[in-house]
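Student: I should like to go through this model with you. Could we begin with the charges and then turn to the helices and aromatic rings?

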Amino acid sequence: MEKIGVYIDTGYGIGEALDIDALKDVAVKEYKVPLCKTRDYWCDEDAVGEIKSDIEKEGLDGLVIAGTSPRVHRDIFSFEGIYVERVNLREQVIWCHPAGDEDTQMLAEDNLRMGIARAKKSSFKPLFPETLDEDIDKTILVVGGGITGITAAQGAADAGYKVVLVEKEKELGGWAAKMYKYYPVTSPYTELEGPDIESKIEAVKNNDRIKIYTGSRIFKLQGAPGLFDAYIMPDGDWENKPSYLVYEAKKAALASAEGKEDKKEEEKPPETEAPKEEEIPADAFKERVGAAVLATGWRPDDPNKLEFLGGGKFKDVITNIQMEEMAKNGAIKRPSDGKEVNSVVFLQSLRENEENPLIYCSSVCDMVTLKQARYLREKNPDAKAYILYKNLRAPGQFELFYKKTQEDENIFFSKGNVYGVEEEGGGLVVKVKDSLLGEDIKIKTDMVVLGMGMVPVTLDSSVLNLDYRQNAAVPTNKFGYPDSHFVCFPYETQRTGIYSAGCIRQAMDHASCIEDGLGATLKAIQCVELTSQGKAVSPRAGDTTYPEFFMQRCTQCKRCTEECPFGAINEDEKANPLPNQTRCRRCGICLGACPERIISFGDYSIEVIGSMIKAINVPDEFEEKPRILLFICENDAYPALDMTGFHRMQYNAWIRVIPMRCLGSMHLVWIADALANGFDGMFLMGCEKGDDYQCHFVKGSELAGIRMEKIKETLDRLMLESERIRVETVSIADYNKIPEMLDEFAEKIEELGPNPYKV
Amino acid sequence: MKQENYIEPDSKFIKNIINRGGGTLKKCFQCATCSVMCKLSPDYKPFPRKEMIWSQWGLKDRLIQDPDVWLCHQCNDCSVNCPRGAAPGDVLDAVRRSIIEYFSLPKFLGKMVGEPKFLPVILTIPVLLVLLLISLSSQNGHGFNIDLNGEILFRNFILYNCIDIAAVILTLFIVICYGTGLFRFWKELNKNPLPPGATGVGIVSGVIKTVVELLTHNKFKECEANSLRYWAHLFIWYGFLLLFVATTIVFLGIQLTHLKHDLNLMPPWGIISPIKIFGNLGAIALLVGLILVIYNRLTNEENAGKATYFDWSFIILLLVVTITGILTEIIRMASLALLAYIMYTLHLVFVFALLLYMPYSKFAHFLYRFLALVHAKVSGRSI
């Protein structure tokens with residue numbers, strides 16, 4: 001920015017702990033800023049007024065506000081069209097370092113230097129949506145017309161948005177319409193409830209804002225949030241073509257992987273591609289939509305896996321789905337001879353064999369069993385119901401339903417290992433080991449009901465056939481659930497503008513599906529609204545910056561297009577990256593990936609961060625004050641470090657903190673910069689990675705880990721100690737571990753001695 | 001080798017337990033807190049967890065053969081600590097009652113004693129019996145040969161012979177009916193396979209150990225939630241024992257006197273005679289015990305367990321027997337002749353009721369438990 005005003009807060013005890021005049025000298029004498037003011041509490045209303053009048057009078061275009069953490073008062077220090085840089089003097093300086101100490105003062109001054117340097121280098125031009133030549137469409141596409149999809153469509157329509165609802169079956173309603181009864185979701189949670197979906201289907205059908213395609217699927221979805229084009233096709237032969245459905249590809253991949261020892265090969269998602277432009281049939285319907293809710297739900301797991309329990313072998317061994325159908329159609333009768341059923345054994349927590357539980361087994365299935373046992377008893381007062389389980393889960397209020405069901409004297413519960421079902425004397429015999437009865441038992445029964453798990457259809461179907469460079473399917477975890485930081489960001493997928501809801505997120509009952517449908521709709525609405533304002537969606541909601549590609553220097557290495565966790569960047573035929581502005585989450589992982597350093601944000605680029613590194617005053621080796629650079633992820637690690645301050649925990653004052661958009665946006669050149677500038681150690685702190693990752697951008701901390709391993713190798717080659725670089729992952733609750741981590745690293749660095757490049 | 005057993009829940013038996021005070025049994029979810037809390041439960045296959053699921057599943061055969069049901073003294077530590085309100089103490093009580101009913105002979109008496117609606121019939125039988133005795137006594141020329149102004153002599157009102165003959169017949173009835181039930185019960189108990197590594201004792205030693213246990217009530221003492229019951233049951237037990245001994249001696253005395261007239265061991269005895277002191281002490285102990293039981297049941301319902309008709313009918317019958325007995329004695333000594341004879345008649349009615357229904361009422365638990373305890377000691381289940 002051209003003209004910067006520096007505001008130093010002396011409140012919160014900052015004035016007492018630090019030499020404010022010396023701090024002011026840094027701004028005025030070192031950086032020659034035209035304006036530098038100090039006072040207590042710049043967040044006060046009159047103080048903010050003063051800043052505003054300064055902006056007008058002095059013509060400031062950038063502010064550096066030194067005081068509280070950037071995580072607080074964000075709304076107060078926000079001025080239209082003005083770049084604001086916050087320097088953390090409270091949480092990360094005076095709250096965790098001794099007052100009046102020389103090292104504390106040096107830290108505060110360095111923080112101010114970094115802030116001013118960054119503000120000077122940053123540019124502030126909202127590139128977007130001015131550069132966007134098309135209008136952002138706010139229509140919400142809902143895929144799947146079950147209870148989740150219907151709720152989502154209705155919710156979006158109620159909020160005033162146009163909706164396109166696509167359902168593959170001839171009628172709306174999905175599984176919810178096929179149920180005989182629901183287990184209770186209203187107080188007192190003890191009695192069965194009737195299906196109530198009909199009125200909801202009618203409401204959706206009669207809503208002018210909702211356009212419905214039944215018996216149809218998405219042939220292809222191309223574009224980006226606000227600019228999606230959905231090609232919708234009536235069902236037909238096309239849906240079985242292997243190129244359109246991941247299913248075939250996955251089957252082929254599994255078949256070829258069979259017998260191979262290398263399991264990684266097996267886990268790799270199959271590469272799929274959306275149909276090409278010219279393949280789109282003329283009779284496909286085209287709809288322009290802004291965001292999509294993916295609510296394609298589930299299918300029951302395959303009972304043939306359970307042959308030892310008679311699954312697919314005996315007529316009277318049925319799935320819970322068949323049971324539900326039978327109940328809906330009237331009396332519960334034995335499939336083999338049509339006789340009335342007087343006893344049913346319900347099998348829960350199923351496993352293919354001792355080692356392999358069926359992974360889609362869930363509390364929903366357990367609750368369905370309780371429900372089915374109840375209506376069996378209602379329909380036939382003499383019937384006996386046996387419920388055999390490994391775990392019987394009735395979460396929350398459902399405990400009340402379980403308790404009520406338990407009271408029925410003809411419903412029998414036992415934990416146990418069911419190891420066989422056999423036909424005997426015109427009926428079935430269920431064999432159970434380790435039952436709660438303290439012995440191995442056999443139960444004679446008329447019928448066996450297998451509690452089959454709910455498999456998300458996204459496990460083996462691409463559903464949307466996305467025209468994305470990375471894959472036609474929405475990325476899923478290994479169980480087939482689309483996810484993007486499951487714990488913190490429900491509904492989100494790794495494809496911006498596409499939100500998952502209902503049973504493709506986890507096994508759910510209809511009440512949870514309703515909640516989920518609404519939740520995902522709100523996310524979709526948020527997306528189209530923020531997109532139309534040129535802002536990022538969560539986790540950097542409201543961010544107006546955007547990565548710029550300096551294409552002249554691009555070498556078509558494809559690293560950005562491959563590593564973007566959100567598949568935001570497509571490629572042209574020559575492998576040039578084609579950024580899709582509205583797909584971008586602004587994580588900067590492409591920046592960290594680009595070996596040519598051609599990707600940059602206005603306030604976050606090779607140069608901007610580099611200038612911060614250079615701004616830090618590194619004492620020479622004789623002063624015996626080592627310097628450690630802490631590259632810290634803004635999402636969890638930075639708040640955790642602030643919390644260390646809240647708790648007044650002390651840590652080494654040699655550490656200088658540079659926040660990263662994501663650890664994945666960490667560019668290796670910064671490490672080189674830091675070494676060249678005499679830093680003795682580099683500490684990278686990001687989110688948990690792996691299966692239970694907490695990285696807000698899914699792959700960022702993992703990528704950082706890989707990149708750092710490589711740079712460590714380089715350091716070793718240069719005979720520089722690779723211990724000078726450390727990567728640690730923390731969760732937000734780990735604030736109490738951070739001081740120990742940092743102190744221990746500082747000790748290690750002291751042991752290693754000064755960086756040989758130090759001047 | 002573990003054997004697999006076909007399981008066939010008996011719905012009727014489950015209903016039976018539920019109707020007999022075990023209405024909470026279905027609430028059990030097998031966490032085994034009860035077995036952990038129970039001080040009397042052995043380490044190997046502890047109760048009452050397994051009894052709870054057997055009851056839930058209506059596995060009658062297993063419960064009937066199970067000596068553990070009788071190792072429980074219903075102190076209710078389990079019920080008080082049950083996180084689900086399944087009250088294993090109450091359920092075991094109901095199971096014991098169902099077992100007593102199962103072994104009762106004749107069956108209909110077992111059923112009638114347990115149900116309030118048959119109370120009039122149940123009471124009529126001893127009334128008729130006493131009336132029969134009175135009329136028999138009078139037909140003999142001696143009956144109603146009472147002098148309302150003279151010494152009160154019950155033997156003139158109802159001949160001792162009559163009572164004794166009735167008592168003998170009653171005893172035979174009890175021995176046959178109760179004995180058959182007990183014999184079948186013993187057979188069922190012995191179908192139980194011995195636990196591995198059982199270190200049981202011989203049968204004689206088992207009986208002796210059980211008697212010692214009865215005399216000391218040491219198992220009762222371990223109870224926490226319902227500790228008052230130790231004292232209550234101890235008083236009742238010793239009161240009963242004293243009265244039983246006293247009555248037997250009096251009976252023998254009468255018989256001896258009949259044989260050798262010069263012995264003159266005929267009642268009434270003087271108030272300071274040892275036999276009288278014995279009896280009166282017994283009566284007081286019984287009364288104190290009963291008052292404690294009733295007080296505990298009324299004020300400490302949560303810990304004392306659910307009191308059913310089966311419990312109350314026995315407590316009240318015992319109380320009425322005790323009170324009428326004491327009153328008869330007091331009124332007799334106060335020389336209120338008419339009142340004394342009436343009270344004596346009432347006392348006899350209730351005493352007969354007590355004895356007649358011994359194999360079917362809660363009274364029956366005495367020997368069932370005794371056998372189960374002996375079995376437990378012989379099989380090493382409880383030492």
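Tutor: For charges, Lys and Arg count as positive and Asp and Glu as negative, with His and the chain ends not counted. The place of a charge is NZ of Lys, CZ of Arg, CG of Asp or CD of Glu. This is a predicted model, in which local features need pLDDT of at least 70 and side-chain atom pairs pLDDT 80 or more, while totals for chains, interfaces and linings use all residues. Residues are numbered from 1 along each chain as written, chains are lettered from A and ligands numbered from 1 in written order, and side-chain values use heavy atoms, without hydrogens and water.

Student: How many positive and negative side chains has chain B?

Tutor: Chain B carries 35 positive and 25 negative side chains, and the centres of these sets lie 4 Å apart.

Student: And how many helices and strands are in chain B?

Tutor: Chain B has 18 helices and one strand, where helices (H or I, at least four residues) and strands (E, at least two) are DSSP runs numbered from the N terminus. Its radius of gyration is 23 Å, close to the 21 Å that the globule rule gives for 383 residues, so chain B is as compact as a globular protein of that length. The radius is taken over C-alpha atoms, and the rule is 2.2 Å times the number of residues to the power 0.38.

Student: Is α3(B) mostly covered or uncovered?

Tutor: Seven of the eight residues of α3(B) are buried, meaning under 20% relative accessible area (exposed is over 50%, partly exposed in between; 1.4 Å probe, protein chains only). Among them are Lys50(B), Glu51(B) and Trp54(B).

Student: What do they pack against?

Tutor: The buried residues of α3(B) pack against β16 of chain A, together with α1, α4, α5 and α7 of chain B; contact here means heavy atoms within 4.5 Å. After α3(B) comes Gly58(B), with a positive phi near 65°.

Student: Turning to the rings, how many aromatic pairs are there over all chains?

Tutor: There are 30 over all chains. Rings of Phe, Tyr and Trp (its six-membered ring) pair if their centres lie within 6.5 Å; planes under 30 degrees apart count as stacked, over 60 as edge-to-face and the rest as tilted. One of the pairs is tilted: Tyr386(A) with Trp57(B), 5.6 Å centre to centre and 50° between the planes.

Student: Why does that pair join two chains?

Tutor: Tyr386(A) lies in strand β15 of chain A and Trp57(B) in the loop between α3 and α4 of chain B, so the pair joins two chains. Both Tyr386(A) and Trp57(B) are buried.
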